[in-house]
Amino acid sequence: MGKLGFGLMRLPLLNADDSKSIDKEQVCRMADTFLERGFTYFDTAYMYHDHESERAVKDVITKRYARDSYTLATKLPLFQLEKKEDMERIFNEQLEKTGQDFFDYYLLHAMSGERYELVDRLGGFEFIAAKKAAGKVRHIGFSFHDKAEVLDRILTDHPEVEFVQLQLNYLDWEDAKVQSRKCYETAVKHGKKVVVMEPVKGGTLAKLPEKAEKLLRAVHPDWSNASWAIRFAASLENVMIVLSGMSSMEQMLDNSSYMQDMEPLTEEEKSLLLGQVVDIIHEAAKIPCTACRYCVEGCPMDIAIPDYFALYNAELEDRDNPAHSARYEELSKEHGKASDCVECGQCESVCPQQLKVTDWLKKTAKVFEK
């Protein structure tokens, strides 16, 4: 199994404003290329693409390939659990939606210190262990968004988990909130393999400030920005899979080309990323949103938060571009405006990046609601 994983979170769409409108024809071609080039790991989740990603798995993968030709991971959504019975109901629904008899990898989704209490109360770890014992799951783990000390406590309490999925990229390597390095080292200490999510930080590391891009081009003129980020994660010894949420055939061709025979970064190249490049990115003062869209579901004002944040970042790069304001106006006709936020905190409670979403919405309103 090659180290590249196909994340089914940001698939190409037929309608950019409808996350359910997955372009399955293009995804089929992307999956074909992925498998032809020797990779097998597909990663989805219950709520990706407004609950349609798992259904896409059935049409794109399950119906078209022999079961032993690929590996499939999906996740139990902790933030949608209220009672113990929800776990069995959702698991069975996932089997039906994907057309599977079992999952190769099954994760407790978006674990944190706060959600750990919920999981303990509902018996979440016991649930996934029972599914493994019953042959419905081959490997159990959890995806994680919190501090390293919390991860250490969970892995100490539950040595039965086989792997952890961590947000790991060079921008977050020393970040005080994400703690990529500390979390990675904690997983290594406990002997757990790591699946990497957000290696390109939702596309942030694919579109770098011009100054940073020039530094990287001077070293490797033919390497894409994204390849630097994915290589950084893949170069770590305990990393089993690096997920990439590829949303076009172009991205698939690029990532799968260099990951077939991946050239690890040298210590000098790592230092360049962690030093000068990170400093330049921080100077740009963009909103570090990865467009996971967890914040959208449940927003009482139906605010298109990640879309507005993307426009805010675009405005920083190209100020007073009328296209940005026009797009904002277009979106706000169908969704709440940034200024409509009632500061209920729902978005901040589920944000993997731990963003002060309400503060950023106020800044966005000042830019686009003059």
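A residue counts as buried when its relative accessible area is under 20%. With that in mind, this predicted model can be looked at one helix at a time.

Take helix α11, which runs through residues 249-259. Its buried residues are Met-249, Met-252, Asn-255, Ser-256, Tyr-258 and Met-259. An α-helix has 3.6 residues a turn, so residues three or four places apart point the same way. As for their partners, the buried residues of α11 pack against two strands, β1 (4-7) and β8 (239-244), and two helices, α1 (24-36) and α10 (225-234).

Another buried spot turns up in helix α3 (residues 53-62), where Ser-53 sits. Ser-53 has a relative accessible area of just 1%, so it falls in the buried class. Setting aside neighbours within four places in sequence, Ser-53 touches Leu-8, Ile-22, Thr-44, Ala-45 and Tyr-48.

Loops make contacts too. Pro-209 is found in the loop linking β7 (193-197) to α9 (210-219). Not counting neighbours within four places in sequence, Pro-209 is in contact with Ile-280, Ile-281 and Ala-284. Pro-209 and Ile-280 are 71 residues apart along the chain, yet their C-alpha atoms are 7.3 Å apart in space.

Now for the surface. Glu-114, Glu-117, Asp-120, Glu-126, Asp-157 and Glu-160 together form a negative patch. Helix α5 (residues 113-122) supplies the largest share of this patch, with three residues. Asp-120 is a residue of helix α5, and its relative accessible area is 44%. A patch residue needs over 30% relative accessible area, and Asp-120, at 44%, is partly exposed.

Methods:
Residues numbered from 1 in each chain as written. Predicted model: local features only at pLDDT ≥ 70, side-chain atom pairs only at ≥ 80, totals over all residues. Heavy atoms only, no water. Patch = residues over 30% accessible without salt bridge, like charges linked within 9 Å, V, L, I, M, F, W, Y side chains within 5 Å. Areas by Shrake-Rupley, 256 points an atom, 1.4 Å probe, with all protein chains shown as cover. Salt bridge = Lys/Arg side-chain N within 4 Å of Asp/Glu carboxyl O. Lys, Arg positive; Asp, Glu negative; His and termini not counted. Charge placed at Lys NZ, Arg CZ, Asp CG, Glu CD. Helix = DSSP H or I, 4+ residues; strand = E, 2+ residues; numbered from the N terminus. Buried < 20%, exposed > 50% of the residue type's maximum accessible area, 1.4 Å probe, protein only. Contact = heavy atoms within 4.5 Å.
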